[in-house]
Amino acid sequence: VLLASATQVNLVFDAYPTVGTAFGAEPFDRVQMNDLGSATENVVMGTPLDASWTAPPGMPSEGRVLTASVPGTASGFAARDAEIYLPPAYFANPRPLLPVLVMLAGQPGSPADWFAGGKLATTMNEFAAKHDGLAPIVVVADGTGSQIANPLCTDSKLGNVATYLAKDVPAWVKSNLQVNPDPKAWAIGGLSYGGTCSLQMATNYPDVYPTFLDISGQEAPTLGDHQRTIDDGFGGDEAAFKKVNPLDLMASNKYPDTAGVFVIGSDDDAYKPGAQKVYQAAKNAGMDVQYVEVPGGHSFAVWSAGLEKELPWLAQRLGLIGP
């Protein structure tokens, strides 16, 4: 019964594309923090970066994945470990100063989901293979705190997730990895809850994340119904909700320096109307946005395809590759 139930869930969400991933097999190599060594003195910079970059001999053919604790120093948020993809070029000397893509899982979910059903490492490795080892560094951060928690991606009694993602994660990355620190080289994205969260961060912290990828996100942060969301997440204060809700922010502010893509499954009847609504609101707010449908419903088949499809756009937007 348990096996049949798990199989049915997997058929709906496509979370484990192979038997190996279902049993924990990983189609990528791992590295530890102490294996990374210190920052290289010689770095390669440029916009686009690929115009200044030549892959050196001996560079790995594929990237590596790192598990790391990213503490909630400023937020106090108790996050689970992040999963970090480092492309082949990160292990070169001289090292290119690569852009950063912060990614978020759904709810329920965990950072590891992007590497199983999301096939993130495979997608990034394939992109890097076509661009002399270049790809964004991807930090899959924890945006919920546990498998089933829903802290609404804001600062509240449910957890200071917004401060964690806007301050703690960027500060840790810049202190522990050698990356391009320019906000123009930073983006945030995610699936479902993570997609909603990415738009929340882009509208509440546009100076930190001026680029976003909202894959199958909801119309607004929610705990299931509006009144429960207001009561449990905002202490019954509707004004506090509107102060951080993307639709309300986009109705009263302009975001001329922000760009993003809304990706939705063509068969995702529950989420598609909301995606179309927030896309139009973003467009009206002056954002450079696109609305894209890919075949499928609310599943990893859509989420993995969405990342793969929009990665070239992200790479151009973040200054990694030229048009």
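**Entry 1: aromatic pairs**

I began with helix α10 (residues 300-317), where I found Phe300 and Trp303 three residues apart, about one turn of the helix. The model I am reading is a predicted one, and I keep that in mind throughout these notes. I recalled that an α-helix has 3.6 residues a turn, so residues three or four places apart point the same way. I then looked up burial, and both Phe300 and Trp303 turned out to be buried.

I next asked how many aromatic pairs the structure holds. The count came to eight aromatic pairs. I looked up Phe262 and Tyr279, which form an edge-to-face pair with 6.2 Å from centre to centre and 75° between the planes. Phe262 belongs to strand β12 (residues 259-265) and Tyr279 to helix α9 (residues 272-284), so this pair ties together parts that are 17 residues apart in sequence. Phe262 and Tyr279 are both buried. Returning to α10, I noted that the ring centres of Phe300 and Trp303 are 4.8 Å apart with their planes at 80°, so that pair is edge-to-face. I also followed the ring pairs outward from Phe262 and found that they link Phe212, Phe262, Tyr279 and Tyr291 into a cluster.

**Entry 2: charges over rings**

I looked up two places where a charged side chain meets a ring. Arg95 lies over the face of Tyr90, 3.9 Å from the ring centre, and the charged end of Lys174 sits over the ring of Trp186 at 5.3 Å from its centre.

**Entry 3: strand β10 and its sheet**

Trp186 led me to strand β10 (residues 186-191), which is mostly covered, with six of its six residues buried. I recalled that in a regular strand the side chains alternate between the two faces of the sheet. On one side of β10 I listed Trp186, Ile188 and Gly190, and on the other Ala187, Gly189 and Leu191, and all of them are buried, which leaves both faces covered.

I then asked which strands pair with β10. Strand β6 (residues 100-104) runs parallel to β10 and is joined to it by five bridges, while strand β11 (residues 211-215) also pairs with β10 in the parallel sense, over four bridges. Among the β6 bridges, Val100 has Trp186 as its partner and Met103 has Gly189, whereas towards β11 I found Leu191 standing opposite Ile215.

Widening the view, I traced an open sheet of nine strands with mixed pairing, in the order β1-β3-β4-β7-β6-β10-β11-β12-β13. The edge strands are β1 and β13 (288-294), each of which pairs on one side only.

**Entry 4: helix α4**

I looked up where helix α4 (residues 161-176) bends. The bend is about 30° and falls at Asp168, with a proline, Pro170, following within four residues. Asp168 and Pro170 are both among the buried residues of α4, which also include Val161, Tyr164, Leu165, Trp172 and Val173.

**Entry 5: Thr40**

I closed with Thr40, placed in the loop between β1 (29-30) and β2 (43-44). Is Thr40 buried or exposed? Thr40 has a relative accessible area of 15%, under the 20% cut-off, and therefore counts as buried. A polar atom of its side chain lies 3.1 Å from the backbone oxygen of Asn42. Leaving aside neighbours within four places in sequence, I found Thr40 in contact with Ala92, Asn93, Arg95 and Gln178; of these, Arg95 is the residue that I had noted over the face of Tyr90.

Technical notes. Residues numbered from 1 in each chain as written. Predicted model: local features only at pLDDT ≥ 70, side-chain atom pairs only at ≥ 80, totals over all residues. Heavy atoms only, no water. Phe/Tyr/Trp six-rings, centres within 6.5 Å; stacked < 30°, edge-to-face > 60°. Helix = DSSP H or I, 4+ residues; strand = E, 2+ residues; numbered from the N terminus. Buried < 20%, exposed > 50% of the residue type's maximum accessible area, 1.4 Å probe, protein only. Lys NZ or Arg CZ within 6 Å of the ring centre and 35° of its normal. Bend = angle between axes of the 7 residues up to and from the residue. Polar contact = N/O pair within 3.5 Å; in protein donor to acceptor, adjacent residues only side chain to side chain. Contact = heavy atoms within 4.5 Å. Pairing = 2+ DSSP bridges.
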